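Student: Please give me a close look at the aromatic pairs here. How are the rings arranged, and what surrounds them?

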Amino acid sequence: LFRSKQWYQRRVRGMMQEEFSSAYSKITTLKRLKGLALLDMITEIHLFVQRIEFPGRIKIQILTKLADMEYRLASGCSEKVQTGALVGIFQSTKDPLIKMSLDDVM
């Protein structure tokens with residue numbers, strides 16, 4: 001499952017800029033309409049985040065939380081709950097990045 005860098009950039013940007021409920025709804029809809037598994041999305045987002053110029057501390061936080069999500073999904077956790085966690089990861093980066101322009105890191 002490979003999508004373009006721009007596709008994942010739009011997803012990550014949406015999760016960071018939109019309200020939680022809107023971002024969650026869009027990810028859920030994309031999964032359903034495109035037949036995407038959350039685990040596949042996380043894998044690709046993980047690779048995308050590694051290429052973004054986030055400050056080191058924030059990048060490590062995101063990558064660690066994505067790895068935790070992969071583990072929980074593999075252990076049988078609810079995909080619905082983990083979809084919320086995915087959006088939450090990027091929502092939690094908003095405050096530290098407010099001082100920076102998203103265009104500078106993406």
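Tutor: What follows describes the aromatic pairs and their settings. The model is predicted, so local features require pLDDT of at least 70 and side-chain atom pairs count only at pLDDT 80 or more, while totals for chains, interfaces and linings use all residues. Residues are numbered from 1 along each chain as its sequence is written, and side-chain values use heavy atoms, with hydrogens and water left out.

Searching the whole structure gives two aromatic pairs. For this purpose, rings of Phe, Tyr and Trp (its six-membered ring) pair if their centres lie within 6.5 Å; planes under 30 degrees apart are stacked, those over 60 edge-to-face, and the rest tilted.

One of the pairs joins Trp7 and Tyr8, whose ring centres are 4.8 Å apart with 75 degrees between the planes, an edge-to-face arrangement. Both Trp7 and Tyr8 are buried. Phe20 and Tyr24 also pair, and are stacked, at 6.1 Å centre to centre and 15 degrees between the planes. Phe20 and Tyr24 are four residues apart in helix H2 (residues 20-34), so about one helical turn separates them. A helix here is a DSSP run of H or I of at least four residues, numbered from the N terminus.

Phe20 counts as partly exposed because its relative accessibility is 35%, and Tyr24 is partly exposed at 22%. The classes are buried under 20% relative accessible area, exposed over 50% and partly exposed in between, with a 1.4 Å probe and protein chains only.

Returning to Trp7, Arg11 lies over its face, 4.7 Å from the ring centre. That requires NZ of Lys or CZ of Arg within 6 Å of the ring centre and within 35 degrees of the ring normal.

Terms used
Helix = DSSP H or I, 4+ residues; strand = E, 2+ residues; numbered from the N terminus.
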